[in-house]
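Dear colleague,

Please find below the structure I promised to hand over. My notes on it follow, and I would be grateful if you kept the model open while reading them.

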Amino acid sequence: MALADIRIALLRGVNVGGKNSLSMIALKESFATAGYSDAKTYINSGNVLFTSMESPLILQSTIQQLLLDDFNIDTPVLVITAETLASSLAAAPEWWGKAPETRHNAMFVIAPETAESACAAVGEIKPEYEQLAYHDQLIFWSAPIKTFSRTRWSGVSRLPIYLSLTIRNHNTTRKLLQLALEIDRG
């Protein structure tokens, strides 16, 4: 198994606020039935690791259709290789994930949007309240919980660009890479 063959599907808006309810057991079974090897889900927010040689962009549309056909859920999906995630996390800024009582989010940008276009849509950060950097499709963002509401990115859910983002916290993002490495060692 090569890290480049491990894919990570991040489903947007699954099991959030009572919308797009989806059993992770059923999701894993659906992936296996569709022929994706080593399908494994992580927590209840729509994270699926699996192996495939298909390109992430082709997989995105295939998995979106699978969700529609099997669960009647129409939601954007981001698929990245474990290799891409590893590369992005290796480029994470030193401050990301470090400060206690701080939100550390990974905002994955769904194509055709880019990290640059997402940042431009949100606007300049407020450096006194938040930090931001990006690598590839991954935006690293941190802000103290105490002053979160004063940040530029706290209002991202009210912007059209929000529909092209799927957000995971620091711990979930790191755990997805750890699980991919476990599959790789197989």
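Over the ring of which residue does the charged end of Arg 103 sit? It sits over the ring of Phe 148, 3.9 Å from the ring centre. Please note that this model is predicted. A second arrangement of this kind involves Arg 12, whose charged end sits over the ring of Tyr 162 at 4.6 Å from its centre.

Aromatic pairs

A search of the whole structure gives 5 aromatic pairs. One of them joins Phe 31 and Tyr 36; the pair is tilted, with 5.6 Å from centre to centre and 50 degrees between the planes. Phe 31 is buried, its relative accessible area being 0%. Tyr 36 has a relative accessible area of 9%; because buried means under 20%, Tyr 36 also counts as buried.

Tyr 36 also forms a tilted aromatic pair with Phe 50, at 5.0 Å centre to centre and with 55 degrees between the planes. This pair links distant parts of the chain: Tyr 36 lies in the loop between helix H1 (24-33) and strand S2 (37-42), whereas Phe 50 belongs to strand S3 (residues 47-51), and the two are 14 residues apart. Phe 50 is buried, as is Tyr 36. Phe 31, Tyr 36 and Phe 50 thus make up one aromatic cluster.

The sheet and its helices

Turning to the strands, there is an open sheet of 4 strands in the order S6-S7-S5-S8, and the pairing is antiparallel. Which strands stand at the edges of this sheet? They are strand S6 (131-135) and strand S8 (165-169); each has a single partner strand, so one side of each is without a neighbour in the sheet. On average, neighbouring strands of the sheet are turned by 25 degrees against each other, direction ignored.

At one of these edges, S6 pairs with strand S7 (residues 138-144) in the antiparallel sense, over 5 bridges. Leu 132 stands opposite Trp 141, a residue of S7.

Two helices lie across strands of this sheet. Helix H4 (residues 115-122) lies across strand S5 (102-109), S6, S7 and S8, and runs at about 155 degrees to S6. Helix H5 (residues 170-185) lies across S5 and S8, and its direction is at about 90 degrees to S8.

I would be glad to go through any of these points with you.

With kind regards

Notes
Residues numbered from 1 in each chain as written. Predicted model: local features only at pLDDT ≥ 70, side-chain atom pairs only at ≥ 80, totals over all residues. Heavy atoms only, no water. Phe/Tyr/Trp six-rings, centres within 6.5 Å; stacked < 30°, edge-to-face > 60°. Buried < 20%, exposed > 50% of the residue type's maximum accessible area, 1.4 Å probe, protein only. Lys NZ or Arg CZ within 6 Å of the ring centre and 35° of its normal. Pairing = 2+ DSSP bridges. Axes fitted to C-alpha atoms, helices over the stretch in contact; angles between N-to-C directions. Contact = heavy atoms within 4.5 Å.
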